[in-house]
Amino acid sequence: MAYARLIVNPAAGAGKTARKWPHIMARLQSLDLRFEYALTEAPGHARELARDAVAMGYELVVSVGGDGTVNEVVNGLYDTGSIAEIMLGIIGTGTGGDYIRTVGIPRAHLEACQCLRDPQKMAVDVGVIEYLSGGVMERRLFVNFAGLGFDAEIVRTTTLQYKALNATASYLAGLLSSLLFYKNKAVTLLVDGEKIEEKVCTVLLNNGKYGGGGMFAAPGADLSDGFLDVLIIGDLSKPDLLWSLPRVYRGTHLTHPKVTLKKAREIEISSNDSVSLQADGELLGGLPARCYVLPALLNVVL
């Protein structure tokens, strides 16, 4: 049997992965890596292919795509009950590449291939979010971050209208469009049992440091500390939000008086308002929601 199973999302990176894939394949062949691959055909297919890879006995499963592809693959591995025995490789070809920035995998896709030849594994935490969808509670794992409120509205707008742009441009275009219509939400948070009632612009639940195509949202986040960095951005006015945005890219936003950061293992969120959720850039359902950490669950190849 081949050494690795690659799950390739040709639509990732606004379709650029389809053009990069022949070069990646040639690079892996030049490294004498024995592998098989499957191409995803629709949203959700990578999750199914990851389950199949485990059933076929592969111990190294590689995501070729963006953060959304990684998310689907990890959820598929988790579905099998054998995620702790599997190594996950990542060749990032997507729009943002925020997760691999924190992990330390090269962003240049041909360089990332080298990691698979002599894999060194790092055990990292995974977040879980349970949320309401269609009247029933669903569960989704996330590797990088989840968000609610304004953050999820940006994901919605970006996904529907601006996915063809590069990472920063698509995020900023989605942000400016969302800004016109979004109203801050009154939420109740239980952060490791501490109750917080506040009107918020957004709440980010960070496992990794980066989001939104390079925003340095959680500078102190650690993938292996057993905690999520909970970033609460309070009732900012729209001018203040625009004025503060460059600080988020630099990671200097934590000194803003309406920004709170807490480390937590479990967070519960509720609201009487309609509040959207996203995880790793994929839109989910709504509130109420519960989020928690599965420590050192995932073995990532460096």
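Which residues have the most contacts inside the largest nonpolar core? Select Leu6, Leu77, Tyr99 and Leu298: these have the most contacts within that core, which has 51 residues. The model on display is predicted.

**The nonpolar cores**

Begin the tour at Leu77. Leaving out residues up to four places away in sequence, Leu77 touches Ala50, Val54, Val61, Ser82, Ile83, Ile86 and Leu88. A second core, separate from the largest one, has 26 residues. Val187, Val191, Ile196 and Cys291 are among its members.

**Helix H2 and the loop before it**

Next, display helix H2, residues 45–55. Its buried residues are His45, Ala46, Leu49, Ala50, Ala53 and Val54. Strand S1 (4–8), strand S2, strand S3 (60–65) and helix H3 (67–79) are included in what covers them. An α-helix has 3.6 residues a turn, so residues three or four places apart point the same way. Past the end of the helix, select Gly57, which follows H2 and has a positive phi near 95 degrees.

Now move to the other end of H2 and select Thr40, in the loop that joins strand S2 (35–39) to this helix. Is Thr40 buried or exposed? Thr40 is buried, because its relative accessible area of 10% is under the 20% cut-off. Its side chain makes a polar contact of 3.2 Å with the side chain of Asn9. Beyond its neighbours within four places in sequence, Thr40 is in contact with Ile7, Val8, Asn9, Pro10, His45, Ala46 and Leu49.

**Aromatic pairs**

The structure holds 3 aromatic pairs. For one of them, select Trp21 and Tyr37: the ring centres are 5.0 Å apart and the planes lie at 65 degrees, so the pair is edge-to-face. Trp21 belongs to helix H1 (residues 16–30) and Tyr37 to strand S2, so this pair ties together parts that are 16 residues apart in sequence. Trp21 is buried at 7% relative accessibility, whereas Tyr37 is partly exposed at 37%.

Continue to Tyr210 and Phe216. Their ring centres are 4.9 Å apart and their planes are at 15 degrees, so this pair is stacked. Keep Tyr210 selected and add Arg101, which lies over the face of Tyr210 at 5.6 Å from the ring centre.

**Asp98 in helix H4**

Tyr210 also leads to Asp98, as the two residues touch. Asp98 is found in helix H4 (residues 98–103). With a relative accessible area of 4%, Asp98 is buried. Besides Tyr210, Asp98 touches Asp67, Asn144, Gly211, Gly212, Gly213 and Gly214, when residues up to four places away in sequence are not counted.

**Ala112 and the cysteines**

Select Ala112 in helix H5 (residues 109–112). Ala112 is buried, at 0% relative accessibility. Apart from neighbours within four places in sequence, Ala112 is in contact with Ile90, Ile91, Ile105 and Pro106. Then draw a distance from its C-alpha atom to that of Leu302: the two atoms are separated by 8.5 Å, although the residues are 190 places apart along the chain.

How many disulfides does the structure hold? The number is 0. Cys113 is in no disulfide, and the nearest cysteine sulfur, that of Cys115, is 8.7 Å away. Cys113 is buried, with a relative accessible area of 0%. Cys201 is likewise in no disulfide, and the nearest cysteine sulfur, that of Cys291, is 19 Å away. Cys201 is also buried, at 2% relative accessibility.

**Backbone features**

Three places in the backbone complete the tour.

- Select Asp192, in the loop between strand S8 (185–191) and strand S9 (194–200). Asp192 has a positive phi of about 50 degrees although it is not a glycine, and at 43% relative accessibility this residue is partly exposed.
- Select Asp280, in the loop between strand S14 (276–279) and strand S15. Asp280, which is not a glycine, also has a positive phi of about 50 degrees. At 4% relative accessibility, Asp280 is buried.
- Select Leu287 and Pro288: the peptide bond from the former to the latter is cis, with omega near 5 degrees. Pro288 is found in strand S15 (residues 282–301).

Note on methods
Residues numbered from 1 in each chain as written. Predicted model: local features only at pLDDT ≥ 70, side-chain atom pairs only at ≥ 80, totals over all residues. Heavy atoms only, no water. Helix = DSSP H or I, 4+ residues; strand = E, 2+ residues; numbered from the N terminus. Buried < 20%, exposed > 50% of the residue type's maximum accessible area, 1.4 Å probe, protein only. Polar contact = N/O pair within 3.5 Å; in protein donor to acceptor, adjacent residues only side chain to side chain. Contact = heavy atoms within 4.5 Å. Core = buried A, V, L, I, M, F, W, Y, C linked by side-chain atoms within 4.5 Å. Phe/Tyr/Trp six-rings, centres within 6.5 Å; stacked < 30°, edge-to-face > 60°. Lys NZ or Arg CZ within 6 Å of the ring centre and 35° of its normal. Disulfide = S-S within 2.5 Å.
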